[in-house]
Amino acid sequence: MTTRIDLDGRPIKPMTICMIGAGGFIGSHLCEKLMAETPHKVLALDVYSDKIKHLLEPDSLPWVGRIVFHRLNIKHDSRLEGLIKMADLSINLAAICTPADYNTRPLDTIYSNFIDALPVVKYCSDNNKRLIHFSTCEVYGKTIGSFLPKDSPLRKDPAYYVLKEDTSPCIFGSIQKQRWSYACAKQLIERLIYAEGAENGLDFTIVRPFNWIGPRMDFIPGIDGPIEGVPRVLACFGNNLLRREPLKLVDGGESQRTFVYIKDAIEAVLLMIENPDRANGHIFNVGNPNNEVTVRQLAEMMTKVYAKVSGEPSLESPTIDVSSKEFYGEGYDDSDKRIPDMTIINRQLGWNPKTSLWDLLESTLTYQHRTYAEAIKKSMVKPIAS
Ligand SMILES: NC(=O)c1ccc[n+]([C@@H]2O[C@H](COP(=O)([O-])OP(=O)(O)OC[C@H]3O[C@@H](n4cnc5c(N)ncnc54)[C@H](O)[C@@H]3O)[C@@H](O)[C@H]2O)c1
Ligand SMILES: O=c1ccn([C@@H]2O[C@H](COP(=O)(O)OP(=O)(O)O[C@H]3OC[C@@H](O)[C@H](O)[C@H]3O)[C@@H](O)[C@H]2O)c(=O)[nH]1
């Protein structure tokens, strides 16, 4: 492997990374990238390893020994501090991060996103280790524009909706709207990390992902996750398409999101890892402002893309409306619109997303079809009564 060069032309020294939550969606892609394209070592921590199994076995893989899996729960495992000390950098991805949990398991959500993240911050700070912490775009909550009258022309003014790391406020609903338990816990851990930086000199970077999507995201209920489970929207809609069911639009599917391809987003994380002087002390939005759709438009596009990749015609009525109370239960609320401002990441790391929504859906739905279509068919064949 030729020596890697950072953005300022300096050679990058191989490093050891303690990656917590390495077995999840983002972790699996980051591990893949680090193994295929860099000389860095990864201590991969998680309670699950299914999504990185292909990187751990067989022993003949070219990166054997550079990635070592440690099955542990950071809630209660005394090995955590030792592993953080062995590494140059820790990346914390571990979290409960599916909206169906925020209002139904608010305690687990708050503990996971705040309390369980505390020791990681403390061990990094005490041992002078660098930390990249994964927060969320949900810390912005709702846009200022959403509080204006429906017909106000100001709603079209970007000043009322574009989300900026250093100036936008964090606007959540009432305490009864338990949806915000996640965003609030993430906000407090961000503030704590920021304070550790200011008072104790912690070298930190905070990442705010804006709906990163792609292969291996979440699970397909009844196939590789619980049948009653509710994953994030990509896997919900993927599951509906695989089962030839209508896609459920929560409260009319009017909310807007920007989706970024996981492989584009991982490039941004690698730039942060390898350019500490440019990344330390910063909070970065990572998203694709060009890929904005309403959830209804996402459903329509996924329906078209799936018909193309599967060769099966779409249903006559491809979507169905459901209320948020029916779908998520009491206490659900929603972010209305999420456009990331890209000034800071552009200036510091020169990063820009590349992949269009159509293209990223095409590769992701091709993956879902190849991975799950057979298993779904088998699971849907009813046993014949004897
Ligand atoms: N995917 C996105 O678009 C997105 C958006 C915003 C924020 N994020 C943040 O990025 C991070 C990673 O998200 P993801 O999409 O990969 O989610 P994910 O659920 O696929 O990955 C999280 C991983 O953390 C592990 N984990 C959770 N608690 C743990 C514990 N106590 N001990 C050990 N491992 C534990 C889980 O087993 C899982 O493998 C999260 O912090 C999430 O809040 C992701
Ligand atoms: O079947 C479904 C699932 C979801 N939805 C809607 O689709 C939108 C997106 O839902 P997702 O499940 O992807 O989750 P959200 O975008 O609301 O939140 C996510 O944002 C960033 C991260 O921190 C988390 O990964 C998650 O909180 C929401 O408006 C939701 O109500 C549907 O209309 N139908």
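Which residue follows helix 11, and what is the sign of its phi? Keep that in mind; the tour reaches helix 11 a little further on. What you have open is a predicted model.

**Stop 1: the whole chain**

Start with the protein chain in cartoon view. It holds 14 helices and 15 strands. Its radius of gyration is 21 Å, close to the 21 Å that the globule rule gives for 386 residues, so the chain is as compact as a globular protein of that length. Turn it along its principal axes and the C-alpha trace spans about 60 × 60 × 40 Å.

Now colour by burial: 43% of the 386 residues count as buried. If you draw a contact map, look away from the diagonal. Among contacts with a separation of 6 or more, 79% join residues 24 or more positions apart.

**Stop 2: ligand 1**

Select ligand 1 and the shell of residues around it. There are 24 of them, and the nearest are Gly 21, Gly 24, Ile 26, Ala 95 and Cys 97. By class, this shell has 13 nonpolar, eight polar and three charged residues. Helix 1, residues 25-37, gives the most to the shell, with three residues.

Next, pick out Ala 95, one of the residues that come nearest to ligand 1. You will find Ala 95 in the loop between strand 4 (89-92) and helix 4. Is Ala 95 buried or exposed? It counts as buried, because it has 22 C-beta neighbours inside 10 Å, and the cut-off for buried is 20 or more. Leaving out residues up to four places away in sequence, Ala 95 touches Gly 21, Ser 112 and Asn 113. Gly 21 is itself among the residues nearest to ligand 1. For a distance to draw, try Ala 95 to Ala 117: they are 22 residues apart in sequence and 8.5 Å apart in space, C-alpha to C-alpha.

**Stop 3: helix 5**

Two of those contacts, Ser 112 and Asn 113, lead into helix 5, residues 106-113, where they are buried along with Thr 109 and Ile 110. Look down the axis of helix 5: its buried residues fall within an arc of 165 degrees, so they line one face of the helix. That face packs against helix 4 (99-102) and helix 7 (181-200).

Zoom in on Thr 109, which lies in helix 5. Thr 109 is buried, with 27 other C-beta atoms within 10 Å. Beyond its neighbours within four places in sequence, Thr 109 is in contact with Ile 96, Asp 101, Tyr 102, Ser 181, Tyr 182 and Ala 185. Draw a line back to the previous stop as well: Thr 109 and Ala 95 are 14 residues apart in sequence and 7.9 Å apart in space, C-alpha to C-alpha.

**Stop 4: ligand 2**

Move to ligand 2, which 18 residues surround. The closest are Thr 136, Arg 232, Val 233, Cys 236 and Val 250. This shell divides into eight nonpolar, five polar and five charged residues. Helix 8 (233-242) and strand 9 (247-250) each supply at least two residues, and strand 9 has the largest share, with three.

While helix 8 is on screen, select Ala 235, which lies in it. Ala 235 counts as buried, with 23 C-beta neighbours inside 10 Å. Not counting residues up to four places away in sequence, Ala 235 touches Met 217, Asp 218, Phe 219 and Ile 220. For a longer line, join Ala 235 to Gly 145: these residues are 90 apart along the chain, and their C-alpha atoms are separated by 29 Å.

**Stop 5: helix 11**

Finish with helix 11, residues 295-310. At 1.5 Å a residue, its 16 residues should span 22 Å, and its end C-alpha atoms are 22 Å apart, which agrees. Show the side chains of Val 295, Leu 298, Ala 299, Met 302, Val 305 and Tyr 306, which are buried. These residues cover an arc of only 135 degrees around the axis, which puts them on the same side of helix 11. The general pattern is familiar: an α-helix has 3.6 residues a turn, so residues three or four places apart point the same way.

What do the buried residues of helix 11 pack against? Their partners are helix 8, strand 9, strand 10 (256-258), strand 13 (292-294), strand 14 (319-322) and helix 14 (357-380). Helix 8 and strand 9 were also part of the ligand 2 stop, where each supplies at least two residues of the shell.

Last, step past the end of helix 11 to settle the opening question: Gly 311 follows it, and its phi is positive, near 75 degrees.

Key
Residues numbered from 1 in each chain as written. Chains lettered and ligands numbered in written order. Predicted model: local features only at pLDDT ≥ 70, side-chain atom pairs only at ≥ 80, totals over all residues. Near = placed C-beta within 6 Å. Helix = DSSP H or I, 4+ residues; strand = E, 2+ residues; numbered from the N terminus. Nonpolar A, V, L, I, M, F, W, Y, C, P; charged D, E, K, R; others polar. Rg over C-alpha atoms; globule rule 2.2 N^0.38 Å. Buried ≥ 20, exposed ≤ 12 C-beta atoms within 10 Å, placed from the backbone. Contact = placed C-beta atoms within 7 Å. Expected span 1.5 Å × (residues − 1). Arc of directions from axis to C-beta.
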